[in-house]
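Reader: I am new to reading protein models and keep meeting words whose meaning I have to guess. Could we go through one together, term by term?

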Amino acid sequence: MKLAQIFSDGMVLQANMPVRIFGTGKGNIEIEFAGKIYHKQSNSEKWLIELPPKNYGGPYHMKVVLDGEEKSFENIMFGDVVLCAGQSNMQFEIGLERENESVKPNENIRYFYSDNIEGHGRLRSEMGWLLATKENVPDFSALAYHVAEGIVRKKGVCVGIITCVQGASVIRSWLSKEVLTPEVYIPIEQRHSDSLDPLYQEFNQDSACYKKTFLPIAPYTVSLAIWYQGESDTSLAEGAVYLQLLKKLVSLWRRDLQNETLPFIIVQICDLDERSDEGWRVIQKAQKEAKKEIPLVQMVTSSDVCEHTQIHPEDKRALADKILEILS
């Protein structure tokens, strides 16, 4: 029997919502937490135990016994857990930011990196929840970290960031094959070049990122999802179905995260001087329409706060501030 890798020392559990502890394998599970013991017999290849909501605070200790094998976890906090997902602009690390020397470690921020196919950078899921130390912070998603900083300033609580990111990934790779129905199929020759590039083919297969990066963290309890993706879907044919795919993604992820009212914030891709064509605009339009078409979805523009000369704007603070305005 195994516990999902997202459970480790230093983990952040979502406050004031049911907390799901899960893993794989058949057998007996016992969880000792906050003075109570929870039991379950697993007769299938996946198991889950739901713990009752708790208020912000900590640290806590948890003991998990899987068929007699005991694991203990320390320094667990209840706070706000935010899922940050998408392609390279969400992946963009603090160490690459123009003003990164002003970013400070923060004892109230913790970070879990879900493995992707490419294996970008030094972070791996097996490292567990990472504290925002001087050594770790440069490898964190810049946008995600600045959002977390703002939540800490406003609420004074611990914030857990989960990133599901893959540079140059297309939205289809983040969806299950069951929802990739014929009406959203686009012939490969009509897709953006990122779908054709041999370097990207492994992670841009249908459902590749969904299976490798997203599913391993589901159904961990989160309070918010932020989606920043679209640059790799900017052919005209892809743009024509992008809104439908966004609807499918939000619905699918809410189902898998067991929260049908999970709020989503979609970041509209920035204007790019070398790409002012119709395909680029169609994606921006679809992201704007998502706010009207999908319940509990908000959209933030990036073009008014990010430079347009490169596909990876080097300062994510102002964009994070716009997200924080929605949360205020």
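## Terms and the values behind them

Reader: What does "contact" mean here, and what share of the contacts between residues at least 6 apart in sequence join residues at least 24 apart?

Author: A contact means heavy atoms within 4.5 Å. Among contacts in the protein chain between residues at least 6 apart in sequence, 73% join residues at least 24 apart. Before we go on: this is a predicted model, where local features need pLDDT of at least 70, side-chain atom pairs count only at pLDDT 80 or more, and totals for chains, interfaces and linings use all residues. Residues are numbered from 1 along each chain as its sequence is written, and side-chain values use heavy atoms, with hydrogens and water left out.

Reader: How do you know how many helices and strands there are?

Author: Helices (H or I, at least four residues) and strands (E, at least two) are DSSP runs, numbered from the N terminus. On that basis the protein chain has 6 helices and 14 strands.

Reader: What makes the radius of gyration agree with that of a compact globule?

Author: The radius is taken over C-alpha atoms, and the globule rule is 2.2 Å times the number of residues to the power 0.38. For 328 residues the rule gives a value near 20 Å, and the protein chain has 20 Å, so the two agree. The C-alpha trace spans about 60 × 45 × 35 Å along its principal axes.

Reader: Why is Val184 called buried?

Author: Buried means under 20% relative accessible area, exposed over 50%, and partly exposed in between (1.4 Å probe, protein chains only). Val184 has 0%, so it counts as buried. Of the 328 residues, 56% count as buried.

Reader: Where does Val184 lie, and which residues does Val184 touch?

Author: Val184 lies in the loop between strand E11 (159–165) and helix H3 (208–214). Leaving out residues up to four places away in sequence, Val184 touches Arg172, Val179, Val241, Gln244, Leu245 and Lys248.

Reader: Why can side chains of opposite charge pair?

Author: They can do so when their charged atoms come close.

Reader: What makes Lys155 and Asp80 a salt bridge?

Author: A salt bridge is a side-chain nitrogen of Lys or Arg within 4 Å of a carboxyl oxygen of Asp or Glu. The closest N and O atoms of Lys155 and Asp80 are 2.7 Å apart, which fits. This pair links distant parts of the chain: Lys155 is in helix H2 (residues 142–155) and Asp80 in strand E8 (residues 69–86), 75 residues apart.

Reader: Are these two partners buried or partly exposed?

Author: Lys155, at 40% relative accessibility, counts as partly exposed, while Asp80, at 6%, is buried.

Reader: How do you know that Lys63 and Glu32 form a salt bridge?

Author: Their closest N and O atoms are 3.4 Å apart, and the pair is a salt bridge. Lys63 lies in strand E7 (residues 57–66) and Glu32 in strand E4 (residues 27–33), so the pair ties together parts that are 31 residues apart in sequence. Glu32 has 32% relative accessibility and therefore counts as partly exposed.

Reader: How many salt bridges does the structure hold, and which residues are linked in a network?

Author: The structure holds 10 salt bridges. Glu178, Arg255 and Asp256 are linked in a network of them.
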